[in-house]
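Let's take a walk through this fold, from its sheet to its core and its charged pairs. Keep the model open beside you as you read.

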Amino acid sequence: MRCFALFLIVVHSCSQCEAFRGVDLEDLASNNTWVITYSSGCSTTCGLGIRTQRLCPLGTDHKANSPACRVRQVQCLDKWQCGLQLQTVTAGQFVELDCLEEVMEAMGHFAFAVSWHFARGIITTNNRFFIQRDVPGLDRVVLNPVKEEDAGTYRCDVLDTSYHRVKRMYKGLKVLSANVLNLKFTEGLTEWEKPVENNITVVTGKLYPSSTVQKVVLLSSCISITTAMIVFLGLFAFSYCKRSTRKGQISP
């Protein structure tokens, strides 16, 4: 009985194989079957992006300018982890940290759920240092003006309507105090290095008062004269001693 049942299964499977073999390209073409002839790379390296595809009916000309083909755009996701981005600002500036960015904003703000976490005072990707942060703008953090206590790492997580994570980004923010360090070059110049208004040339002022310069010149002259006199007296004494030695050797 078991052998007979096995025989029926084999016969039925072979009949199905013959049926599938009878399906050819003409049958697929008659059923409006489309094939992807071109697919571009994802528009973003991380997070949800857009990919452009060209579809052509099966059995037709697959050239790019074929009127039978059509182009469509589909969502793509190569990886949801975007890594760490660093930014350095000065206290008092306007800072905006965007999570969705251009591609995901074009898809619509209401298509995603964004949550923010913050690690105060450190630049890290270790999730145990983060605490949840309430952001009124949802998709972006606005710091106006930014303060020194705002320095740290901001992490944003993006979920789609099916609650699948499609993006995670870390934004490290370094805040410099305006009283300690000024990155403006012209304001950091000393008085004699600053350029004159309405003039490109740089005017170098006097480093010392005129009385100080005169004293330095006079002291240098005295030292030079004294040194020359000492050298002259030394040479004279050496010559005198040498002559005296010669006279002593000559006399009987």
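Two strands count as paired here if DSSP finds at least two bridges between them. With that in mind, this predicted model has an open sheet of five strands in the order β4-β10-β9-β6-β7, with mixed pairing. The edges are β4 (81-90) and β7 (131-133), each of which pairs on one side only. On average, neighbouring strands of this sheet are turned by 30 degrees against each other, direction ignored.

Inside the sheet, β9 (residues 152-159) and β10 (residues 165-176) run antiparallel and are joined by eight bridges. If you want a spot to check the register, R155 has Y170 in β10 as its bridge partner.

Now for the packing. The largest nonpolar core has 25 residues, and W116, Y154, V158 and L173 touch the most other members. At least two core residues come from each of β4, β5 (95-98), β6 (113-120), β8 (140-143), β9 and β10. The largest share, four residues, is supplied by β10. Y154 is a good place to zoom in: leaving aside neighbours within four places in sequence, its contacts include L97, W116, F130, V141, L143 and L173.

Two of those names lead on to another strand pair. β5 and β8 run antiparallel, with four bridges between them, and L97 has V141 as its bridge partner in β8. In a regular strand the side chains alternate between the two faces of the sheet. In β8, V141 and L143 make up the covered face, while R140 and V142 make up the uncovered one.

That brings us to the charges. The structure holds eight salt bridges, including these:

| Pair | Closest N to O |
|---|---|
| R140 and E96 | 3.0 Å |
| K167 and E101 | 3.3 Å |
| R165 and D157 | 3.6 Å |

What does the R140 and E96 pair tie together? R140 lies in strand β8 and E96 in strand β5, so the salt bridge links parts that are 44 residues apart in sequence. E96 itself is partly exposed, at 37% relative accessible area.

K167 lies in strand β10 and E101 in helix α3 (residues 101-107), so this pair ties together parts 66 residues apart in sequence. Is K167 buried or exposed? K167 is buried, with a relative accessible area of 2%, whereas E101 is partly exposed at 31%.

In the remaining table entry, R165 is partly exposed at 37%, and D157 counts as buried at 5%. Finally, E96, D98, D139 and R140 are joined into one network by salt bridges that share partners.

How values were computed. Residues numbered from 1 in each chain as written. Predicted model: local features only at pLDDT ≥ 70, side-chain atom pairs only at ≥ 80, totals over all residues. Heavy atoms only, no water. Axes fitted to C-alpha atoms, helices over the stretch in contact; angles between N-to-C directions. Core = buried A, V, L, I, M, F, W, Y, C linked by side-chain atoms within 4.5 Å. Buried < 20%, exposed > 50% of the residue type's maximum accessible area, 1.4 Å probe, protein only. Contact = heavy atoms within 4.5 Å. Salt bridge = Lys/Arg side-chain N within 4 Å of Asp/Glu carboxyl O.
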